[in-house]
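Subject: the structure I promised

Hi,

Here is the structure I said I would pass on. Have a look at it first, and my notes follow underneath.

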Amino acid sequence: MNAIDAPGTTDRVLVIDDDPGIRRLLISALGFAGFEVDVAGDLTEALEQVARRPPDVIVLDVMLPGADGFEILQLLRDRAIDVPVLFLTARDAIEDRVRGLRLGGDDYVTKPFSVVEVGARLQALLRRARSGAPAAEETPLRCADLVMDDPRHEVRRAGRLLELSPTEYRLLHYLLSHQGQVLSRAQILEAVWSYDFGGDTVVVERFVSNLRRKVDQGNTPLLHTVRGVGYTLREQAHR
C-alpha cells in the first residue's frame with residue numbers, strides 16, 4: 001500500500017459499486033492513502049451522498065442494479081456535477097470504455113484492478129482538475145472557426161456551443177495551444193493526464209476520437225491523425 005502517496009489535502013472519494021467486497025477494499029485502500037471515502041450501491045444512494053457530502057472525485061462501476069454507471073454519469077453531468085469520474089469496467093468490455101468516455105467519464109480501470117493503480121489514477125485526475133488546470137487565457141484560442149473562451153470556459157465551432165467534459169476541454173486546450181505541431185500520444189498523456197507511471201495511451205486515442213466527433217462533425221476537419229506519430233490540430237492536413 002505504500003506505493004500510493006497520500007494526497008496533500010484530504011480529498012473525498014465517492015465509490016459507487018454494488019459489490020460489498022469491492023467497497024470494503026476501496027474504503028480500506030483509499031482511506032489508508034489519505035482519502036475520505038463515501039460509498040453508494042445504487043443511483044438513489046449515490047444522489048443522496050452527492051447532495052449530503054459533495055465528492056472531489058468519483059469511482060463508478062459500470063454494472064449496477066436499476067440504473068447502470070452510464071445512466072448515473074449522464075444524470076450527474078445533466079445536473080452540472082462535473083467532478084472527475086473514474087470508471088470500473090470488465091476486462092474485455094471495450095465498448096463500455098468507449099461509451100463511458102463519450103458520456104463524459106475521465107478515465108477507467110479494468111476489473112480485476114490494482115488498488116495502487118486506482119489510487120494513482122485518482123490522484124492524477126485530481127491534480128489535473130486543480131493545480132494542473134490550464135491557466136485562463138484572456139485572448140481566446142482560435143483555429144479557423146473553432147474558438148475557446150477560457151474565462152467563460154466555453155468552446156464554440158461555427159458559433160455553436162460544444163459540450164465538453166473536463167478532460168475533453170483540457171485536451172482541446174493543449175491541442176489549440178500547440179496547433180500545427182504534431183504531438184505524440186505520450187506527450188498528450190503526460191500533459192493532459194499527468195500520469196506518474198506507465199500510462200495507457202489507448203485512453204488518448206479514445207478521447208481524441210470523442211473530441212473529433214464533437215469538434216469536426218459536419219465541419220471541415222481540424223483534428224488530424226499523423227499515422228505512426230500522433231495528432232495535430234490545424235486548418236488543413238498537410239498533403
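Strand β3 (residues 57–61) runs parallel to β4, and four bridges hold the pairing. Within that pair, I58 sits opposite V85 of β4. Before going on, please keep in mind that this is a predicted model. If you trace the chain from β3 through helix α3 (residues 69–78) into β4, you get a right-handed β-α-β unit.

On to β4 and its other pairing. Strand β5 (residues 107–111) also pairs with β4 in the parallel sense, over five bridges. There F87 faces Y108 of β5. How many of the six residues of strand β4 are buried? Five are, so β4 (residues 85–90) is largely enclosed by the rest of the structure.

A residue to click on here is V109, which belongs to strand β5. Its relative accessibility is 2%, and the cut-off for buried is under 20%, so V109 counts as buried. Leaving out neighbours within four places in sequence, V109 contacts L86, F87, L88 and T89, as well as E117, V118 and R121. The C-alpha atoms of V109 and A90 are 8.7 Å apart, with their positions 19 residues apart along the chain.

Now the backbone oddities. As a reminder, most residues other than glycine have a negative phi, and most peptide bonds are trans. Here is what I would check against that:

- The peptide bond joining K111 and P112 is cis, with omega at about -5°. P112 lies in the loop between β5 and α5 (115–129).
- A144 is not a glycine, yet its phi is positive, about 55°. A144 lies in the loop between β6 (141–143) and β7 (146–149), and at 43% relative accessibility it counts as partly exposed.
- A158 also has a positive phi, near 55°, and is a residue other than glycine. Look for A158 in the loop between β8 (154–157) and β9 (160–161); its relative accessible area is 52%, so it counts as exposed.

Those two alanine loops bring us to the next sheet. What is the order of the strands in the open sheet of four? It goes β6-β7-β8-β9, with antiparallel pairing. The edges are β6 and β9, each of which pairs on one side only. In the middle, β7 and β8 run antiparallel and are joined by four bridges, with L146 standing opposite R157 of β8. Helix α6 (residues 166–177) packs on this sheet and touches β6, β7 and β8, and its direction makes about 115° with that of β7.

There is also an open sheet of three strands, again with antiparallel pairing, in the order β10-β12-β11. Why is one side of β10 and of β11 left without a neighbour in the sheet? Both β10 (183–184) and β11 (223–226) stand at the edges with a single partner strand each, so nothing in the sheet flanks the other side. β11 and strand β12 (residues 230–233) run antiparallel and are joined by four bridges, and T225 has Y231 of β12 as its bridge partner.

Helix α8 (residues 202–216) lies across β11 and β12, at about 145° to β11. It has 15 residues and spans 21 Å from its first C-alpha to its last, close to the 21 Å expected at 1.5 Å a residue. Which residues of α8 are buried? They are V203, V204, F207, V208, N210, L211, K214, V215 and D216. After α8 comes G218, with a positive phi near 80°.

Finally, the overall numbers, in case you want them for your own notes:

- The protein has eight helices and 12 strands.
- Of its 239 residues, 48% count as buried.
- Its accessible surface is about 11,500 Å², and 48% of that belongs to carbon and sulfur atoms.
- Among contacts with a separation of 6 or more, 60% are between residues 24 or more positions apart.

Cheers

Note on methods
Residues are numbered from 1 along each chain as its sequence is written. This is a predicted model: local features need pLDDT of at least 70, side-chain atom pairs count only at pLDDT 80 or more; totals for chains, interfaces and linings use all residues. Side-chain values use heavy atoms; hydrogens and water are left out. Buried means under 20% relative accessible area, exposed over 50%, partly exposed in between (1.4 Å probe, protein chains only). Two strands pair if DSSP finds at least two bridges between them. A crossover is right-handed if, with the strands pointing away from the viewer, the path from the first strand over the helix to the second runs clockwise. Contact means heavy atoms within 4.5 Å. Axes are lines fitted to C-alpha atoms, for helices over the stretch in contact, and angles run from 0 to 180 degrees between N-to-C directions. Accessible areas come from the Shrake-Rupley method with a 1.4 Å probe; for residues, only the protein chains shown count as cover. The expected span of a helix is 1.5 Å times one less than its number of residues.
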